[in-house]
Amino acid sequence: MEKLSTIEQYRELAGKEDVIFMFSADWCPDCRVIEPILPEVMEKYNQYKFFYVDRDDFIELCQELNIFGIPSFVAFSKGEEIGRFVSKDRKTQEEIEQFIEGLSSNS
């Protein structure tokens, strides 16, 4: 998963692409648990671009988007937020896939 490098990159991606941002951090144990399943999820839902957002590097963005727990996912399509899966709870592959499945009905 490509890592977000600048706030400008975030604004450009969110404004033009079908993209899912995964908010995470290296120190987050629940984030590490889902890492092995992410390549499969990304391949299955390849209509979206996936970006890793390090919560510690982008704390202002997390505040702007009300991301107060990780791992969390926020999806955009052409400038509009189309869904969010935001909580401090551990997420399963099934829950992540259900979230993404729900997005396609909005676009």
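## Reading side-chain and backbone features in a predicted model

Ring pairs join Tyr10, Phe21, Phe51 and Phe76 into a cluster. The model discussed here is predicted.

User: How many aromatic pairs are found in the whole structure, and by which two quantities is such a pair described?

Analyst: A pair of aromatic rings is described by the distance between the centres and the angle between the planes. In this structure, a search of the whole finds seven aromatic pairs. In one of them, the ring centres of tyrosine 10 and phenylalanine 76 are 6.0 Å apart and the planes stand at 80 degrees, so the pair is edge-to-face. Tyrosine 10 belongs to helix α1 (residues 7-16) and phenylalanine 76 to strand β4 (residues 72-77), so the pair ties together parts that are 66 residues apart in sequence. Tyrosine 10 and phenylalanine 76 are both buried.

User: What geometry do phenylalanine 21 and phenylalanine 76 have as an aromatic pair, and in which strands do they lie?

Analyst: The pair of phenylalanine 21 and phenylalanine 76 is edge-to-face, with 6.0 Å from centre to centre and 75 degrees between the planes. Phenylalanine 21 lies in strand β2 (residues 18-24) and phenylalanine 76 in strand β4, so this pair ties together parts that are 55 residues apart in sequence. Phenylalanine 21 is buried, as is phenylalanine 76.

User: Which residue lies over the face of phenylalanine 85?

Analyst: Lysine 91 lies over that face, at 5.1 Å from the ring centre of phenylalanine 85.

User: Let us turn to the interior. How many cavities of 30 Å³ or more are counted, and which residues line the largest cavity?

Analyst: The count comes to one cavity of 30 Å³ or more. The largest cavity holds about 30 Å³ of space. Its lining consists of Ile20, Leu38, Val41, Met42, Phe50, Phe73, Ile96 and Ile100.

User: Which helices each supply at least two residues of that lining, and how do the lining residues divide into nonpolar, polar and charged?

Analyst: Helices α3 (38-44) and α5 (93-104) each supply at least two residues of the lining of the largest cavity. Helix α3 gives the most, with three residues. By character, the lining of the largest cavity has eight nonpolar residues, no polar ones and no charged ones.

User: How many disulfides does the structure hold, and what kind of bond is a disulfide?

Analyst: A disulfide is a covalent bond between the sulfur atoms of two cysteines. The structure holds one disulfide. Cysteine 28 and cysteine 31 form it, with their sulfur atoms 2.3 Å apart. The link of cysteine 28 and cysteine 31 has 75 degrees about the S-S bond and is right-handed. Both of these residues, cysteine 28 and cysteine 31, are buried.

User: Why is cysteine 62 without a bond to the closest cysteine sulfur, and is cysteine 62 buried or exposed?

Analyst: The closest cysteine sulfur, in cysteine 31, is 11 Å from the sulfur of cysteine 62, which is too far for a bond. Cysteine 62 has a relative accessibility of 2% and therefore counts as buried.

User: Where is tryptophan 27 placed, and is tryptophan 27 buried or exposed?

Analyst: Tryptophan 27 is placed in the loop between β2 and α2 (29-34). Its relative accessible area is 54%, so tryptophan 27 is exposed. A separation of 19 Å lies between the C-alpha atoms of tryptophan 27 and leucine 61, which are 34 residues apart along the chain.

User: Which sign of phi do most residues other than glycine have, and which form do most peptide bonds take?

Analyst: Most residues other than glycine have a negative phi, and most peptide bonds are trans. In this model, the peptide bond from isoleucine 70 to proline 71 is cis, with omega near 0 degrees. Proline 71 lies in the loop between α4 (59-64) and β4. Asparagine 66 also lies in the loop between α4 and β4. The phi of asparagine 66 is positive, near 55 degrees. Asparagine 66 has a relative accessible area of 46% and is partly exposed.

User: What is the phi of lysine 78, and in which loop is lysine 78 placed?

Analyst: Lysine 78 is not a glycine, yet has a positive phi of about 50 degrees. Lysine 78 is placed in the loop between β4 and β5 (80-85). With a relative accessible area of 55%, lysine 78 is exposed.

Definitions and conventions: Residues numbered from 1 in each chain as written. Predicted model: local features only at pLDDT ≥ 70, side-chain atom pairs only at ≥ 80, totals over all residues. Heavy atoms only, no water. 1 Å grid on protein atoms, 1.4 Å probe; cavity = no way out; pocket = protein on both sides within 12 Å on 5 of 7 lines; lining within 4 Å. Points joined across faces, edges and corners; volume = space filled by probe spheres on them. Helix = DSSP H or I, 4+ residues; strand = E, 2+ residues; numbered from the N terminus. Nonpolar A, V, L, I, M, F, W, Y, C, P; charged D, E, K, R; others polar. Phe/Tyr/Trp six-rings, centres within 6.5 Å; stacked < 30°, edge-to-face > 60°. Buried < 20%, exposed > 50% of the residue type's maximum accessible area, 1.4 Å probe, protein only. Lys NZ or Arg CZ within 6 Å of the ring centre and 35° of its normal. Disulfide = S-S within 2.5 Å.
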